[in-house]
Amino acid sequence: MYPRVLIDLRKFRTNVEVVSKRMQRKGIEVYGVTKVFCADINLTNVYVEAGLKAVADSRIENIRKLENLSIMKVLLRIPMQTEVEDVIRYADVSLNSEISTIRLLSDEAIRQGKVHQVILMIDLGDLREGFFDEDELYKATEEAKKLKGVKVIGIGTNLTCFGAVIPTLEHMERMIEIKKNLEARTGMELDIISGGNSSSYYLMEDGKLPKEINNLRIGEIFVCGNETAFGTRVAGTYDDVFILEAEIIELKKKPSLPIGESGMDAFGKHPVYEDKGEMIRGIIAIGKQDADMSGLVPLDDHIEMIGRSSDHMILDLTKSSQDYRVGDIMRFKLKYPGILSVMTSEYVEKSFIK
Ligand SMILES: *Cc1c(COP(=O)(O)O)cnc(C)c1O
């Protein structure tokens, strides 16, 4: 069945082992992030077997699928107040930035006879989640300290996801300062400073990650083999764990310019095409409903992706040296948005290479 994504578990295992060992050697515990592959059990098991500290996902539906895995589970997205019951049931730790939600987590944890662990998120300027006002952070920590159903185990930050802010040594030093201030003011001891995601990894490689930063939450490096501050490939990893395959359903010589008056396409856009004369145009059976095209890289680098509608992708095959036929399979490497979209799509078959 096509389209399908071929997932090389051996290459994935290499990525996870190589990178997590480097991190563990520097005293950094690793949360293996599962959201990009919807917590698929085959891939998640690789994290468990590699001895990561925890698996982490933004969706409680995904974490719930991992109920039978004996490893710590972390909810990455700030919990919805309406999902608190499931958060307590299925996650051991959650990242938080609202005291009103932490109160509900505590109440529910008491109800379920548990103590839920909380990491307080600090917004250092990327402007997604996290406490921004320090006074609010101190007050929330003071109150959380008194709640019987939760235990604050540390602080964390997330950078580069929304504001594209690149993590620096200064950001990390700021986190250490906040931790010290919090401990001094509340008398608590905080075990963890979680210094970010795959964009903070380069600091470690460059020897610029202070030893107090003892946790990172990593997804993209493991699945794509690149860090995300600069997009640099990480030594010893594969960038082709995931390969997308789609089938050619039409192959014809056609003009490069549509014929007739130009209006809106199927998605309300006014496309502009360059006149390149006649070309060999292939259609493959994959579209917007299956995959995000910005995440696709053709393995044949002489073909060009011209465009897409819901169910079709149009390729310019004119410059390729391959003799393509209808029924042939086109292959693509996947970048992060590509992996996210094909793993989420129920129209893309998942096939594992063990
Ligand atoms: C997605 C996410 C991560 C992992 O990010 P990568 O860039 O895939 O390493 C870490 N922390 C939070 C809060 C996230 O939402």
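Select Arg217 and the ligand: a nitrogen atom of the ligand is 2.9 Å from an N or O atom in the side chain of Arg217. That pair is a polar contact, defined as N or O atoms within 3.5 Å; within protein, one must be able to donate a hydrogen and the other to accept it, and residues adjacent in sequence count only if both atoms are side-chain atoms.

Before moving on, some ground rules. This is a predicted model: local features need pLDDT of at least 70, side-chain atom pairs count only at pLDDT 80 or more, and totals for chains, interfaces and linings use all residues. Residues are numbered from 1 along each chain as its sequence is written, and side-chain values use heavy atoms, with hydrogens and water left out.

**Stop 1: the ligand site**

Stay on the ligand. Add Ser198: one of its polar side-chain atoms lies 2.5 Å from an oxygen atom of the ligand. Then add Glu220. Here a polar backbone atom is 2.9 Å from an oxygen atom of the ligand. Taken alone, the ligand exposes 390 Å², and the protein buries 94% of that. Accessible areas come from the Shrake-Rupley method with a 1.4 Å probe; for residues, only the protein chains shown count as cover.

Now select the whole shell. It has 14 residues, and Lys35, Ser198, Arg217, Gly219 and Glu220 come nearest. A residue is near if one of its heavy atoms lies within 4 Å of the molecule or strand in question. Color the shell by class: 5 residues are nonpolar, 4 polar and 5 charged. Ala, Val, Leu, Ile, Met, Phe, Trp, Tyr, Cys and Pro count as nonpolar, Asp, Glu, Lys and Arg as charged, and the others, Gly among them, as polar.

**Stop 2: strand 11**

Select residues 278-284. This is strand 11, and 5 of its 7 residues are buried, so the rest of the structure largely encloses it. Buried means under 20% relative accessible area, exposed over 50%, partly exposed in between (1.4 Å probe, protein chains only). Strands (E, at least two residues) and helices (H or I, at least four) are DSSP runs, numbered from the N terminus.

Which strands pair with strand 11? Strand 10, residues 242-255, does so in the antiparallel sense over 7 bridges. Strand 14, residues 313-316, is also antiparallel to strand 11, over 4 bridges. Two strands pair if DSSP finds at least two bridges between them. For the strand 10 side, pick Lys253, which stands opposite Ile280. For the strand 14 side, pick Ile283; its bridge partner is Ile314.

**Stop 3: backbone oddities**

Go to Tyr2 and Pro3. A cis peptide bond joins them, with omega about -5°. Pro3 sits in the segment before strand 1 (4-8).

Next, Ala39. Its phi is near 55°, positive in a residue other than glycine. Find Ala39 in the loop between strand 2 (29-33) and helix 2 (41-49). Ala39 counts as buried because its relative accessibility is 2%.

Then Leu127, with phi near 65°, again positive in a residue other than glycine. Leu127 lies in the loop between strand 6 (116-122) and helix 6 (134-146). Is Leu127 buried or exposed? At 53% relative accessibility, Leu127 counts as exposed.

**Stop 4: zoom out**

Show the full protein chain. There are 10 helices and 16 strands. The C-alpha atoms fill a box of roughly 75 × 45 × 40 Å along the principal axes. Buried residues make up 51% of the 354 in the chain. The chain exposes about 16900 Å², of which carbon and sulfur atoms supply 49%.
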